[in-house]
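Colleague: I should like to go through this structure with you and ask for the grounds behind each description.
Modeller: Certainly; please begin once it is before us.
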Amino acid sequence: MIIVQKYDIAIIGGGVLGTTISYWLSTLYDLKICLIEKEHDVALHSSTRNSGVIHYPFYIDPKKKKNFARAAFLSHDMWKVLANENNIPWVQGGTIEIALDEEQHKTLEKYMVLGKENGLTEEDISILDSNELKQKEPNLNCHSGLYCTKEGSTNYGLLTKAVSELSKKNGTNFLLKHNVKHVEETSKETNIIFSDNSSLTANFVINCAGGNSLDVAKKFRLLKDYSDLHFRGEYWVADSNIANLVKTNIYTVPRYPEFPFLDPHWIKRASGETEIGPNAVPVDSPEAYDSFVTDIPTTLSKITDIVTGSTKKLLLNTDFISLISKEFLSSISKSAMVERVKKFIPAIKPEDFPKRGTAGIRTPVISPEGSFVSEMIEIEGKNSFHIVNYNTPGATGAPAYSAFVVKKLQEKGILKQPKNQKDSIWDFNKIIEQD
Ligand SMILES: Cc1cc2nc3c(=O)[nH]c(=O)nc-3n(C[C@H](O)[C@H](O)[C@H](O)COP(=O)(O)OP(=O)(O)OC[C@H]3O[C@@H](n4cnc5c(N)ncnc54)[C@H](O)[C@@H]3O)c2cc1C
């Protein structure tokens, strides 16, 4: 007789989001919880393959991205505590967001206002003119810059791993190498079927499947008019001779704020290395790290999705098409990527970047109207809750945002009010009262 495992809550996806949600649930409740991950370990996709920047929300409009802004603001110190306890690198070297001309400078002034709306103080952010910047970073060439002292770098893969260990200690069952293929919903529970045809049942499912989260939501017959695109972000690692030419993270004001990618940045990694990137090259799947296409069925399925889904409206946007062709060029040609950074660090040359860094893939979601969705999408199914479009700065914001998710499930009556919280590195009540 086959015994089907039964859980109170099953979380699909062992990235930073699913793992932090599992941690909160396991500190607050004595429920039978599992986290389902198709890989042999947690955080093998976006949650490790990212820029590693600890963001602080000076550039996020709280009217459009309230959850991302609030979560990044509150999570900063939460991650810092965990990093210190586990000897995970935490380098608070700051970021300078630069303007190349007067027009872009106006965006920095707007960011000062947004930053204050998000709770940042004058100690956290200030605008520096070109002379002040020359003193701070002599090799940086720009009109002006917004200096955020609280930004820096860490390793979100290691942080996620540390959270998973805490969650395991609380009793969460991490089901690794379990790839969700199908789901069957009844009025009371969900049967989750894996690619090896094994299965389990859960009273409630939380979908945190990152680049696959829209596909997983569609298995629950949700968000059928939405589609997504996958953009590979590639990096080049600077030779140690030039790695300290500029000592701060450098970001530029986005030229196309309606699209969810930026010009390549100058990134100071927590490991001590310096990289430039990421660009945004369209690929056919959330895991196409080394080629443009995965295999014929995946490519055909993505093309069908584009031709029949909401993406096709986006493809009529000429700005978008021109941007994408430049991003393609920067993938094929290292010089093209370096040229973009040379605009603000003129001393660099293509030969200063001898090897590629670790690429990551962003999966922005496109609304039925054909535009990129700015905030994460939260949607409830019959016995499930789905978080889709959980993009940057999602790694920064995960500990606080996952507490907001648990609070929402409590408000909906899906979870009871917890009696108390087990011994925990973070205080649930303190976080949710600031939501
Ligand atoms: C290039 C790049 C740069 C970024 N830079 C930053 C940055 O500097 N700072 C920042 O804060 N954020 C950054 N981000 C964003 C951040 O990395 C993401 O928001 C965050 O990691 C998303 O976490 P997640 O848990 O939702 O997804 P993921 O980490 O992708 O986790 C989803 C998990 O679900 C699993 N899964 C998927 N489908 C299934 C299935 N069918 N069955 C079982 N398991 C499944 C996957 O294997 C994966 O482990 C960046 C992202 C990218 C791609």
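Colleague: In which loop is Pro393 found?
Modeller: The model is a predicted one, and in it Pro393 belongs to the loop between β24 (384-388) and α11.

Colleague: What is the peptide bond from Thr392 to Pro393, cis or trans?
Modeller: That bond is cis, with omega near 5°. A cis peptide bond also joins Gly277 and Pro278, where omega is about -5°. Pro278 sits in the loop between β18 (274-277) and β19 (281-283).

Colleague: What is the phi of Asn197, and where is the place of this residue?
Modeller: Asn197 has a positive phi of about 70°, although it is not a glycine. Its place is in the loop between β11 (190-194) and β12 (199-207).

Colleague: Let us turn to the helices. Why are α1 and α11 called oblique to each other?
Modeller: Helix α1 (residues 16-28) and helix α11 (residues 394-411) pack at an angle of about 40°, and their axes are 8 Å apart. Angles under 35 degrees count as roughly parallel, and 65 to 115 as roughly perpendicular. The angle of about 40° belongs to neither of these ranges, and α1 and α11 are therefore oblique to each other. The crossing in which α1 passes α11 is right-handed.

Colleague: Which residues make this contact of α1 with α11?
Modeller: On the side of α1 they include Val16, Leu17, Thr20 and Trp24. On the side of α11, Gly394, Ala395, Ala398 and Pro399 are among them. By class, the contact has 12 nonpolar, 3 polar and no charged residues.

Colleague: Why, then, are α1 and α5 called roughly parallel?
Modeller: The axes of α1 and helix α5 (residues 156-169) come within 9 Å and cross at roughly 30°. That value is under 35 degrees, and α1 and α5 are therefore roughly parallel to each other. Here α1 passes α5 in a left-handed crossing. The contact involves Val16, Thr19, Thr20, Ser22, Tyr23 and Ser26 of α1, together with Tyr156, Thr160, Val163, Ser164, Leu166 and Ser167 of α5. Its classes are 5 nonpolar, 7 polar and no charged residues.

Colleague: How many residues surround the ligand, and which are the closest?
Modeller: The ligand is surrounded by 42 residues, and the closest are Gly13, Gly15, Gly210, Gly233 and Gly394. The elements that give two or more residues to this shell are α1, β21 (360-362) and α11. The residues of the shell divide into 16 nonpolar, 21 polar and 5 charged.

Colleague: Why is the ligand said to lie between domain 1 and domain 2?
Modeller: The domain assignment gives domain 1 (1-55 + 63-89 + 155-225 + 374-435) and domain 2 (227-245 + 257-372). Both domains give residues to the shell around the ligand, so the ligand lies between them.

Colleague: How far apart do the C-alpha centres of the two domains lie?
Modeller: The centres of domain 1 and domain 2 lie 26 Å apart. Their contact takes 19 residues from domain 1 and 22 residues from domain 2. The side of domain 1 that touches domain 2 has 5 nonpolar, 12 polar and 2 charged residues.

Notes: Residues numbered from 1 in each chain as written. Predicted model: local features only at pLDDT ≥ 70, side-chain atom pairs only at ≥ 80, totals over all residues. Axes fitted to C-alpha atoms, helices over the stretch in contact; angles between N-to-C directions. Helix = DSSP H or I, 4+ residues; strand = E, 2+ residues; numbered from the N terminus. Parallel < 35°, antiparallel > 145°, perpendicular 65-115°, else oblique. Left-handed = near helix turned anticlockwise from the far one by under 90°. Contact = placed C-beta atoms within 7 Å. Nonpolar A, V, L, I, M, F, W, Y, C, P; charged D, E, K, R; others polar. Near = placed C-beta within 6 Å. Domains from an automatic or database assignment.
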